[in-house]
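Thanks, everyone, for making the time this morning. I would like to take you through one model, and I will keep to what can be read from its coordinates.

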Amino acid sequence: MTPTRAEPLRIGVLASGRGSNLQAIVDAIEGGRLDCRLAVVVSDRADCQALDRARKHGVEAVFVDPKGYADRETFDRAVLAVLAEHRVELVCLAGYMRIVTPIFVRALSGRIMNIHPGLLPAFPGLHAQRQALEHGVKVSGATVHFVDEGVDTGPIICQAAVPVREDDTEETLAARILEQEHQLYPRAIRLFAEGRLSIVGRRVLVRADA
Ligand code: GRF
């Protein structure tokens with residue numbers, strides 16, 4: 001058995017929109033499937049559903065207004081300050097619509113994850129499901145990866161495959177991928193919390209739980 005931590009891992013979620021992945025993380029914690037403490041949810045959008053979901057579950061919800069900062073670096077420093085204030089040990093980007101700066105990545109090296117609705121390294125960036133359909137792939141899916149200084153380029157933690165159907169639209173494919181995302185993200189966080197992940201070059205090694 002992997003030794004358990006004295007205190008649950010403190011995680012922070014960064015989100016800009018709907019927050020369904022945030023909800024999956026909250027549900028996994030509340031359902032006893034993920035032994036973590038969701039210390040704070042931070043958003044760059046005041047009126048996003050993710051902040052509402054956090055508040056509904058009694059989680060600290062913080063809006064950091066990009067308009068209040070001269071550039072992306074100073075904005076990221078403000079977000080880092082919020083995360084530090086809440087003693088966050090792992091940051092999970094979940095539909096966070098900003099590209100984090102190198103300052104942010106270096107401050108939390110190996111402690112930032114992202115979820116992407118595609119099988120990386122195929123179709124990084126926006127509209128991954130549309131890209132997959134336009135390319136004509138037969139299998140798409142979801143990826144959780146560590147964040148490095150590129151866009152969707154960091155070491156891959158886990159992936160789930162989703163077959164593409166001939167009658168799929170961007171919406172139907174996105175919906176089936178999303179179901180997988182909601183399983184995958186809590187699983188990746190649990191592996192991190194249990195201390196079972198190590199990054200070796202581009203590879204993430206997952207230690208067996210035994
Ligand atoms: C998800 O598809 C995620 O993979 C991508 O953005 C979407 C966010 O959805 N990065 P939600 O806000 O978690 O519902």
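I will begin with the ligand and then turn to the aromatic residues.

Please keep in mind throughout that this is a predicted model. The ligand sits in the largest pocket, and the residues around the ligand are Arg18, Gly19, Ser20, Asn21, Gly95, Ile115, His116, Pro117 and Glu181.

As for polar contacts, Arg18 places a polar side-chain atom 2.6 Å from an oxygen atom of the ligand, and the side chain of Ser20 has an N or O atom 2.6 Å from a ligand oxygen. With Ile115 the contact comes from the backbone, where an N or O atom lies 3.0 Å from a nitrogen atom of the ligand. On its own the ligand has 370 Å² of accessible area, and the protein covers 85% of that.

Let me now move to the aromatic side chains, where the structure holds 2 aromatic pairs. In the pair formed by Tyr69 and Phe75, the ring centres are 5.9 Å apart and the planes meet at 80°, which is why this pair is classed as edge-to-face, given that the class requires an angle over 60 degrees.

How buried or exposed are Tyr69 and Phe75? Tyr69 has a relative accessibility of 34% and therefore counts as partly exposed, whereas Phe75, with a relative accessible area of 1%, is buried. Phe75 has a further neighbour to point out, because Arg98 lies over the face of its ring, at 4.0 Å from the ring centre, and so meets the criterion of being within 6 Å for a charge over a ring.

Conventions: Residues are numbered from 1 along each chain as its sequence is written. This is a predicted model: local features need pLDDT of at least 70, side-chain atom pairs count only at pLDDT 80 or more; totals for chains, interfaces and linings use all residues. Side-chain values use heavy atoms; hydrogens and water are left out. Rings of Phe, Tyr and Trp (its six-membered ring) pair if their centres lie within 6.5 Å; planes under 30 degrees apart count as stacked, over 60 as edge-to-face and the rest as tilted. Buried means under 20% relative accessible area, exposed over 50%, partly exposed in between (1.4 Å probe, protein chains only). A charge sits over a ring if NZ of Lys or CZ of Arg is within 6 Å of the ring centre and within 35 degrees of the ring normal. A residue is near a molecule or strand if one of its heavy atoms lies within 4 Å of it. A polar contact is a pair of N or O atoms within 3.5 Å; within protein, one must be able to donate a hydrogen and the other to accept it, and residues adjacent in sequence count only if both atoms are side-chain atoms. Accessible areas come from the Shrake-Rupley method with a 1.4 Å probe; for residues, only the protein chains shown count as cover. On a 1 Å grid over the protein atoms alone, a cavity is a set of points where a 1.4 Å probe fits but cannot get out, and a pocket is an open set with protein on both sides within 12 Å along at least five of seven lines; lining residues have an atom within 4 Å of a point. A molecule sits in a cavity or pocket if more than half of its atoms lie within 2 Å of its grid points.
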